Amino acid sequence: MHNKQRYITFLTPTMQRTGSEIVLFNLISRISENYIVKLISVYKGELLFMLNKRHLIYYVHKERPKSVISKIRFKIKEYLFFKILNANRFSTWYINTIVLWDYLEFAEKNKVKVILHVHELEQMFELLSKEQLNRAVNYPDLIIANSNYTKQLVQKYGRTKPIELCYPAIDTKKVAPNSEIKKAYRSRLNIRDNSFVWAMCGTLDDNKNPELFIDIAFELITLNPNIVFLWIGGTNDRAYGNEIKRKVAQNNIDDNIIWIDSVGEEYLNYFNCADGFVLTSKKESFSIVTVEALLLGLPVVTHDCGGVKEILREDVGTIVVEKNNVSQFTMAMSSYMNDLPLHNKIKGIERAQEFDIKIWSEKWNTILDNYID
C-alpha cells in the first residue's frame, strides 16, 4: 500500500440501517489511515455517529420534507449542498448506490473522479432515464459491484471499463447462536419451546415477497400447527403492511405468524429465536441476511433470486428448483424439520466466514489504492 495521504469523499443516501449503508459503514470503519475521509449523507442516519471521529462527517437533511415550508428549506439546502460538492471536486468521490444520479451528473460536468459502488437490482436501473443510466454505467472511473450477479447486470447495460467485485461483509465473530437469548426472546414473543420457528428478515415490501411467505406458512401450518413464522423488519408502506396482514387473517393463521417491526440493535436477538431461515425475495443482489443465518447455524431454504447463489453451495442450504413454488419450499423445509442432521451447521458457518469484513475490507483497501492517486 502507498504511504502518501489521499483524499476521498463518500456520498451516500441515508446512513440508516439498510443493506447498502451497513456495507459502507463496515468498509469506512476499516479504511486505511492513509486516506483523508469526508462522508456526506443526504439524510441524517444513526450510523453517521458511530464512525471514527477522525472522519469529517456531514449530512444535508434531518428528514424527508413534509410541509410546504420544509420543502422550501429542502431546496435551499440542496442549493447550498452543491456548493459544498464544488469545494470537494478535487477529491475522489465514492458514490454509494446508483440512486444519487444528480451527484453523478454534477461529477461528470465538473470532471470529478468517481468510484461508484453498485448494490442495486435491475428494477432500480429501469427507473433511470436513458441519459442517467448511460452516465451511471459509463462515467465512473471504476465500478465496485457487490456480487457477480450485479457485475453481470452492469455489463449487460454496456459497461466496458473496469468493474471490481467486493462482497458485502460483516464481522462474523459478532454473529453466533445464543441459547439464553433464544429462550428469553421466545418467551417475550410467547413462542413455545418445542415450536419450530422459520424466520424471514427484511423490509415488508413487494420485492421481499411476503405473499409467498404467507402461502408457504399456510401450507406448512396446515401440516403441522406447531410451527411459527417470524418476519423481522418493518414496512415503509403502512397500507401495504395492513393488506398483507389481512391476508394472514383470511387464512386463519394469525396465531402462527409474528411480525416484528425494525428493531435496531436487537435485530440479532430476534433472529436468534429462529430454527430455520426462509428467503422469499423476488430479487437479491446479494443477501447478507443469508450469511447471518448460516452463522446462526440455521438451515436456509430459498429460490433463485440472484446473488444468494453465490453464498449457498450444494452442501450448504437449499435452492428450490422452481421460483415461487410453494410445494417445493414446504417440502425442503419439512425435510430440515424432520431430519435436522441434513443441515451441516459447521459447513454453513465455514462458508459464512468467507464473507468476514476483515477479508473483504483488505481487498477493498487494495482496490482503492489501485484507483486513487
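## Helix α8, its partners and the core

In this predicted model, helix α8 meets helix α12 through Leu212, Asp215, Ile216, Glu219 and Leu220 on the α8 side, and through Val326, Ser327, Phe329, Thr330, Met333 and Ser334 on the α12 side. Sorted by class, the residues of this contact are six nonpolar, three polar and two charged. Helix α8 is a handy place to start your tour, as the largest share of the largest nonpolar core, seven residues, also comes from this helix.

**How α8 packs against α12**

- Two packed helices are described by the angle between their axes and the distance between the axes.
- For α8 (residues 210-223) and α12 (residues 326-338), the angle is about 55° and the axes are 9 Å apart.
- An angle under 35 degrees would count as roughly parallel and one of 65 to 115 as roughly perpendicular; α8 and α12 are therefore oblique to each other.
- The crossing in which α8 passes α12 is right-handed.

**How α8 packs against α9**

- Helix α9 covers residues 238-250, and its axis lies 10 Å from that of α8, at an angle of about 15°.
- With the cut-off for roughly parallel set at under 35 degrees, α8 and α9 therefore count as roughly parallel to each other.
- Here too the crossing is right-handed, as α8 passes α9.
- On the α8 side the contact is made by Pro210, Glu211, Ile214 and Asp215, which meet Tyr240, Ile244, Lys247 and Val248 of α9.
- This contact has five nonpolar and three charged residues, with no polar ones.
- Asp215 is worth finding on your screen: this residue takes part in the contact with α12 and in the contact with α9.

**The nonpolar cores**

- In soluble globular proteins, nonpolar side chains tend to be buried together.
- The largest nonpolar core in this model holds 92 residues, and the members that touch the most others are Phe10, Tyr94, Trp198, Phe229, Phe271 and Phe277.
- A second core, separate from the largest one, has 29 residues, including Leu104, Ile143, Ala145 and Ile163.
- Phe229 makes a good viewpoint on the largest core: beyond its neighbours within four places in sequence, Phe229 is in contact with Trp198, Phe213, Ile216, Ala217, Leu220, Ile221, Asn256, Ile257, Ile258 and Met333.
- Three of those partners, Ile216, Leu220 and Met333, also belong to the contact of α8 with α12.

**Three loop residues to look up**

- Thr14 sits in the loop that joins β1 (6-12) to α1 (19-28).
- Its relative accessibility is 11%, so Thr14 counts as buried.
- Between Thr14 and Glu46 there are 8.8 Å in space, C-alpha to C-alpha, although they are 32 residues apart in sequence.
- His55 is found in the loop between β2 (35-43) and β3 (56-61).
- With 6% relative accessibility, His55 is also buried.
- Setting aside residues within four places in sequence, His55 contacts Ile28, Ile31 and Val37.
- Arg313 belongs to the loop between β12 (300-302) and β13 (318-319).
- Its relative accessible area is 44%, so Arg313 is partly exposed.
- Not counting residues up to four places away in sequence, Arg313 touches Arg351 and Glu354.
- Arg313 and Glu292 are 21 residues apart in sequence, with 15 Å between their C-alpha atoms.

Notes. Residues numbered from 1 in each chain as written. Predicted model: local features only at pLDDT ≥ 70, side-chain atom pairs only at ≥ 80, totals over all residues. Heavy atoms only, no water. Core = buried A, V, L, I, M, F, W, Y, C linked by side-chain atoms within 4.5 Å. Buried < 20%, exposed > 50% of the residue type's maximum accessible area, 1.4 Å probe, protein only. Helix = DSSP H or I, 4+ residues; strand = E, 2+ residues; numbered from the N terminus. Contact = heavy atoms within 4.5 Å. Axes fitted to C-alpha atoms, helices over the stretch in contact; angles between N-to-C directions. Parallel < 35°, antiparallel > 145°, perpendicular 65-115°, else oblique. Left-handed = near helix turned anticlockwise from the far one by under 90°. Nonpolar A, V, L, I, M, F, W, Y, C, P; charged D, E, K, R; others polar.
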